[in-house]
Amino acid sequence: MAEKPRSILLLANPKSGRAAQGLDSALAAFGDAGIAVEREAPDDCDALAETIRSRADAFDAVVLAGGDGTVNAAAEALAEIRKPFGLLPFGTANDLARTLGIPVGAAAVRTIVEGRTRAIDLGRVNDRVFVNAASIGLPVSVAQHQDAALKRRLKALSYFVTAVRAFKCCTQRFTVWITADGVKDSLKTIQVTVGNGVHFGGGLKVGTDAEIDDGMLDVFAIDADTLPHLVQAAFAVRFGLHRTSRYTRTFRGHHVRVETRHPRPVNTDGEITTMTPAVFSVERAALTVYAPPAPGRS
């Protein structure tokens, strides 16, 4: 049953220029709907999580104004307090919003005002959580080489441009061992991605059958040693055609382990946070978010 929140704690990412531009209209819309809002702008990820833990009890819900990085920083605290959260997607990629069908920017206020919620899963790798996906290989190089000015100018397209640059300069195939629900396989790859949600990297898909509430982890690996091969693999990943591409391998499971010959960094929702060996699991219905119902559900 839908229930509009009467009071919300709104946490805005102070580094998001788009959030600063859109918050005034969002605050006005909440006021028109009779929702009391207290706004804060924590300085960093640790402060964001601490604010949720210390202050959320006084409100019906938490609302995050920012992108996927903001959601990632808040996710563990949100899972602990067990209160619904809303999302005003002011980020670059907004992959969680894309997965959930939440409109970008201040238009997302209506989703929160309508009060419909959806329970979604939360991924975990080693001691870190992730909402969309965690990756090893090429996406780590992309995160390391991402240019802020290019990101502002090209938005989600900047990920592809940076990926091409990273592929040319510093990405090499490596051996990886992937164990999904006890079944182990080895392969050569330039990228392994383990997905909890549906989208990552500005609209790419983590799997053909991926859902954010199915209790499953969707895994794919890319084996491309030329730029044309990478483009073909990227096309398959963009449109969920992983199983039909000769340059991608897919796996699914509730528990996944990824091992490499030497420790390699792991990118979780756009930030490098841990290293291999990486042990992945999924926490069912760990978060409750204001969102439209999933397609085909009422």
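Two strands are said to pair if DSSP finds at least two bridges between them. In this predicted model, strand 3 (residues 61–66) and strand 4 meet that description, running in the parallel sense over 5 bridges. Within this pairing, Gly66 stands opposite Pro89 in strand 4. Strand 3 and strand 4 also belong, together with helix 3, to a right-handed β-α-β unit. Strand 4 (residues 85–89) is mostly covered, with 5 of its 5 residues buried. The cover reaches both faces of strand 4: Phe85, Leu87 and Pro89 are buried on one side, and Gly86 and Leu88 are buried on the other.

It helps to place this unit in the whole chain. The protein contains 9 helices and 18 strands. Of its 298 residues, 53% are buried. Among contacts in the protein with a separation of 6 or more, 71% are accounted for by residues 24 or more positions apart.

The interior can be described next. The largest nonpolar core holds 49 residues, and those touching the most other members are Ile52, Val62, Leu64, Leu78, Leu88 and Leu96. Helix 3 supplies the largest share of this core, with 8 residues. A second, separate core has 21 residues, including Phe130, Val219, Ala278 and Val282. Returning to the largest core, what does Ile52 touch, not counting residues up to four places away in sequence? The partners of Ile52 are Leu11, Val62, Ala74, Ala77, Leu78 and Ile81.

Ile52 also appears among the buried residues of helix 2 (residues 45–55), which are Leu48, Ala49, Thr51 and Ile52. Seen down the axis of helix 2, these buried residues fall within an arc of 155°, so they line one face of the helix. The elements covering them include strand 1 (7–12), strand 2 (36–40), strand 3 and helix 3.

A closer look at helix 3 (residues 68–81) begins with Thr70, which has its place there. Is Thr70 buried or exposed? Its relative accessibility is 7%, and because buried means under 20%, Thr70 counts as buried. Leaving aside neighbours within four places in sequence, Thr70 is in contact with Asn13, Leu48 and Leu64. Of these contacts, Leu48 is one of the buried residues of helix 2, and Leu64 is one of the residues that touch the most other members of the largest nonpolar core.

Helix 9 offers another view of how a helix is covered. Its 12 residues (residues 227–238), at 1.5 Å a residue, should span 16 Å, and the end C-alpha atoms are 16 Å apart, which agrees. Which residues of helix 9 are buried? They are Leu230, Ala233, Ala234, Ala236 and Val237. These residues cover an arc of only 160° around the axis, which puts them on the same side of helix 9. Helix 9 is followed by Gly240, whose phi is positive, near 70°.

The last site considered is Pro277, which lies in the loop between strand 17 (271–275) and strand 18 (278–290). Pro277 has a relative accessibility of 46% and therefore counts as partly exposed. Leaving aside neighbours within four places in sequence, the residues in contact with Pro277 are Asn126, Arg257, Val258 and Glu259. Although Pro277 and Glu259 are 18 residues apart along the chain, their C-alpha atoms are separated by 4.6 Å.

Note on methods. Residues numbered from 1 in each chain as written. Predicted model: local features only at pLDDT ≥ 70, side-chain atom pairs only at ≥ 80, totals over all residues. Heavy atoms only, no water. Helix = DSSP H or I, 4+ residues; strand = E, 2+ residues; numbered from the N terminus. Expected span 1.5 Å × (residues − 1). Buried < 20%, exposed > 50% of the residue type's maximum accessible area, 1.4 Å probe, protein only. Arc of directions from axis to C-beta. Contact = heavy atoms within 4.5 Å. Core = buried A, V, L, I, M, F, W, Y, C linked by side-chain atoms within 4.5 Å. Right-handed = clockwise from strand over helix to strand, strands pointing away.
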